[in-house]
Amino acid sequence: GRRPPRPPPCPPSCSCTRDTAFCVDSKAVPKNLPPEVISLTMVNAAFTEIREAAFAHIPSLQFLYVSRAGGRASQAASPPPAPLFPARSLANNNLQTLPRDLFKPLDILSDLDLRGNTLACNCKIKWLVEWLESTNTTVPAVFCSSPGQFEGQRIRDLALGDFQCITTDFVVHQVLPFQSVSAEPFTYASDLYVALAQPGASSCAILKWDYVERKLRDFDRIPAHSAVHCKPIVAQNQLYVVVAQLFGGSYIYRWDTAVDKFIKIQDIDSQKTRKPNDIEAFQIEGDWYFVIADSSKAGSTSLYRLNQNGFYSHQALHAWHRDTDVEYVENDGKPRLIISSSSQAPIIYQWNRAQKQFTPQGEVGEMLDVQMVKHFRVKRDQFLCLSRYIGDSKVVRWEGQRFIELQTLPSRGSMVMQPFSVEQRQYLALGSDFSFTHVYLWEEEKQKFIKFQELSVQAPRAFRYVPAADVQLLLAPSFKANTLVYRHVVVDLS
């Protein structure tokens, strides 16, 4: 009266016993097989790719035979009547790749035949090179079919260093629900902050980095109804914020630790600074300075110096030229300012130690309408990035007493061209009001930037790299949409 034993599970295209399976026209490695299967034969296999963990459900497998439609493999080899030893044959199946750790569940594997496939020796096959170095399995020689530099080479002879499998990516980490036009990170009292100019919200927003949540959070706001730049300066254990406004004058605030808030300590001469556009802060011989680029016809770019009572006017630079940006650079130990202008080519000023002032030294090329000038260094070489709204942007290299043009980048509608480095990689973010932001990666051998990634940022006005402990961030203030915070991630393609 007992029920007969249930037959073992078996796919419709297969014939199964408890320890063998014979399949015809399979579209993939069958999943519904008895777990005790030690012999699997697939003829006229209708697939050219083996998926990850394809054999993990049959860990006792000792014999495997696969032939594709057309009988190529069946002519080259035929399965023995019984498994004589733990062997696998994936030969002559036109396989281009194999899933990572495909053979890991098969710890009794003694022989493996991969001949007659078209394996591409790229990052997806790097694991196989590692496995061949460590396994005791007998594997007849198998060769690369691509890419060109590896074609015809034996896979076992490849070195792990031949595979360039580490790449990077910028992914959205946080969306800040407001528009902004500048971003300035700073460290004060061992904490990380970012100051953002928000003309639409009439304020300078000060955000603080939350090391637990790994996000920027609201900290404080400084009223600024037409702010174009909020520049923090940490000097002599004091925190100052220079607030540049298009209308109503510009101001300097100081963080008062007694009341834990920002208080206004100084007005900036509105007759000199009528239409500010950029602020740079720096130290020369122990003294702190900041310079404001003025973009009006009647004002002048002005240099201020810090003393015990605050910042005072130190020097007027480059009057009446509609300056758009200013960059502080040290070349050969000599402090320099490079001021870009909508009315003439960028001007180089060099610091005169005797006079304690900047003196004109020359121009950078013959380019007009440079919106922004930024510098970067690779080894001992110094470079400038010159962004233009109309026309192509340029990358130039400092050689002795002049800059030599290296590269031209199409950049219609560009207001920002920002180089930045993350660990050993040198990037360049080129924003546009009319298209995607293009991120470029510096290629040392070619001495130029190559296209790397596109970011969807509407009307970007700055890009600022911010290292936050173990997280590397790229802030992208937007004039028309939310401010985006990207995270730099490292990806192992193998």
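Me: Is Arg214 buried, partly exposed or exposed in this predicted model?
Reply: Arg214 sits in the loop between strand E10 (203-210) and strand E11 (215-223). Its relative accessibility is 37%. Buried would need a value under 20% and exposed one over 50%, so Arg214 counts as partly exposed.

Me: What is the phi of Arg214?
Reply: Most residues other than glycine have a negative phi. Arg214 is not a glycine, yet its phi is positive, at about 60°.

Me: Which residue in the loop between strand E8 (182-188) and strand E9 (191-198) has a positive phi, and is it buried or exposed?
Reply: The residue in that loop is Ser190. Phi of Ser190 is near 70°, a positive value in a residue other than glycine. The cut-off for exposed is over 50%, and Ser190 has 67% relative accessibility, so Ser190 counts as exposed.

Me: Where is the cis peptide bond that precedes Pro147, and what is its omega?
Reply: Pro147 belongs to the loop between helix H2 (126-134) and E7. Most peptide bonds are trans. The bond from Ser146 to Pro147 is cis, and its omega is near -5°.

Me: In what order do the four strands of the open sheet with E7 run?
Reply: The edge strands are E7 (166-176) and E32 (464-468), each pairing on one side only. The pairing in this sheet is antiparallel, and the twist averages 30° from one strand to the next. The order is E7-E34-E33-E32.

Me: Which residue of E34 is the bridge partner of Gln174?
Reply: Strand E34 covers residues 483-492 and pairs with E7 in the antiparallel sense over 10 bridges. Gln174 falls within the range of E7, 166-176. Its bridge partner in E34 is Val485.

Me: Is Lys394 buried or exposed?
Reply: Lys394 lies in strand E26 (residues 393-399). Its relative accessibility is 13%. Buried means under 20%, so Lys394 counts as buried.

Me: With which side chain does the side chain of Lys394 make a polar contact?
Reply: Leaving out residues up to four places away in sequence, Lys394 touches Met367, Leu384, Cys385, Leu386, Glu405, Gln407, Thr408 and Met417. A polar contact needs a pair of N or O atoms within 3.5 Å. One pair of side chains is at 3.2 Å, and the partner of Lys394 in it is Thr408.

Conventions:
Residues numbered from 1 in each chain as written. Predicted model: local features only at pLDDT ≥ 70, side-chain atom pairs only at ≥ 80, totals over all residues. Heavy atoms only, no water. Pairing = 2+ DSSP bridges. Helix = DSSP H or I, 4+ residues; strand = E, 2+ residues; numbered from the N terminus. Axes fitted to C-alpha atoms, helices over the stretch in contact; angles between N-to-C directions. Buried < 20%, exposed > 50% of the residue type's maximum accessible area, 1.4 Å probe, protein only. Polar contact = N/O pair within 3.5 Å; in protein donor to acceptor, adjacent residues only side chain to side chain. Contact = heavy atoms within 4.5 Å.
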